Amino acid sequence: MSFEVADTLDMSTPDAKRASYELLVAQVRSVLEGERDWIANLSQFSALVHQSVPDLNWAGFYLARGEELVVGPFQGKVACVRIPFSKGVCGACARSREIQLVEDVHAFPGHIACDSASNSELVLPVVVGDRLVAVFDLDSPLTARFDAEDARGFAEAVAALAAGTDWP
């Protein structure tokens, strides 16, 4: 398979951002076409997002294992390996199964600083049926990097991933 990722997506205006997320979702569907293995798909998804979305320093998955998250496929610096559901932004997402959009991680009670360069975070639950299988975590060195449009766009991309993947 040959697949060329678009250059860095344009997030400069609300209209450009909406169009960029439409392109990202199309690219997710394309890169996953014909492949349903969960490890391959999470790896490809992380690489695609990290390569094409500007102002990220980490993009990847934490896999739900009991009442904790275990690091899965990602792009970025070495990360925390295990995160209890009771701690941090990823834990809050796993616990609530709701998107966590944090403009300033240093103001988030119980934030876990895997990378001191991270200043904002967006974490989305990956739910299949009624089961939490993972969270998708995005970190940025910019404060207030993520907004509601980012949450909406990534939610659509994560839904495409979840639907196109066979989960253990």
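Two strands count as paired if DSSP finds at least two bridges between them. Keep that in mind for the hairpin of strand 1 and strand 2, where the tour starts. The model is predicted.

**Stop 1: the first hairpin**

Select G66. This residue belongs to the hairpin of strand 1 and strand 2, with 2 residues between the strands. G66 has a positive phi near 65 degrees. Now show strand 1 (58-65) and strand 2 (residues 68-76). They run antiparallel, joined by 7 bridges. Pick out two of the pairs. G60 has F74 as its bridge partner in strand 2. Y62 has V71 as its partner there.

**Stop 2: the other side of strand 1**

Stay on Y62. Which residue of strand 6 stands opposite Y62? Select V135 to see it. Strand 6 covers 131-140. Between strand 1 and strand 6 there are 6 bridges, and the two run antiparallel. Color strand 1 by accessibility. Of its 8 residues, 7 are buried, so the strand is largely enclosed by the rest of the structure.

**Stop 3: out to the edge**

Go back to strand 2 and step across to strand 3. These two strands form a hairpin with 5 residues between them. They run antiparallel, with 3 bridges. Select E68 and P84 for one bridge pair. Select V70 and R82 for another.

**Stop 4: the whole sheet**

Zoom out and show every strand. There are 6, forming an open sheet in the order 3-2-1-6-5-4, with antiparallel pairing. Where are the edges? They are at strand 3 (82-84) and strand 4 (100-102). Each has a single partner strand, so one side of each is left without a neighbour in the sheet. Neighbouring strands are turned by 25 degrees against each other on average, direction ignored. One thing to look for in any sheet: in a regular strand the side chains alternate between the two faces.

**Stop 5: helices on the sheet**

Select helix 2, residues 38-52. This helix lies across strand 1, strand 2 and strand 6. Against strand 1, helix 2 runs at about 150 degrees. Next select helix 4, residues 148-163. Helix 4 packs on the sheet and touches strand 1, strand 4, strand 5 (120-128) and strand 6. Its direction makes about 35 degrees with that of strand 5.

**Stop 6: S46**

Center on S46, in helix 2. Is S46 buried or exposed? Its relative accessible area is 0%, so S46 is buried, the cut-off being under 20%. Draw two distances from its side chain. One reaches the backbone oxygen of L42 at 2.9 Å. The other runs from a polar atom of the S46 side chain to the backbone oxygen of P73, at 3.3 Å. Now show the contacts of S46, leaving out residues up to four places away in sequence: A59, G60, F61, P73, F74, Q75 and F136. G60 and F74 are a pair from the first stop, bridge partners between strand 1 and strand 2.

**Stop 7: helix 1 against helix 2**

Add helix 1, residues 14-32. Two packed helices are described by the angle between their axes and the distance between the axes. Here the axes come within 10 Å and cross at roughly 145 degrees. The crossing is right-handed. On helix 1, select L24, Q27, V28, V31 and L32. On helix 2, select N41, Q44, F45, L48, V49 and S52, which they meet. Color this contact by class: 7 residues are nonpolar, 4 are polar and none is charged.

Terms used. Residues numbered from 1 in each chain as written. Predicted model: local features only at pLDDT ≥ 70, side-chain atom pairs only at ≥ 80, totals over all residues. Heavy atoms only, no water. Helix = DSSP H or I, 4+ residues; strand = E, 2+ residues; numbered from the N terminus. Axes fitted to C-alpha atoms, helices over the stretch in contact; angles between N-to-C directions. Contact = heavy atoms within 4.5 Å. Buried < 20%, exposed > 50% of the residue type's maximum accessible area, 1.4 Å probe, protein only. Polar contact = N/O pair within 3.5 Å; in protein donor to acceptor, adjacent residues only side chain to side chain. Left-handed = near helix turned anticlockwise from the far one by under 90°. Nonpolar A, V, L, I, M, F, W, Y, C, P; charged D, E, K, R; others polar.
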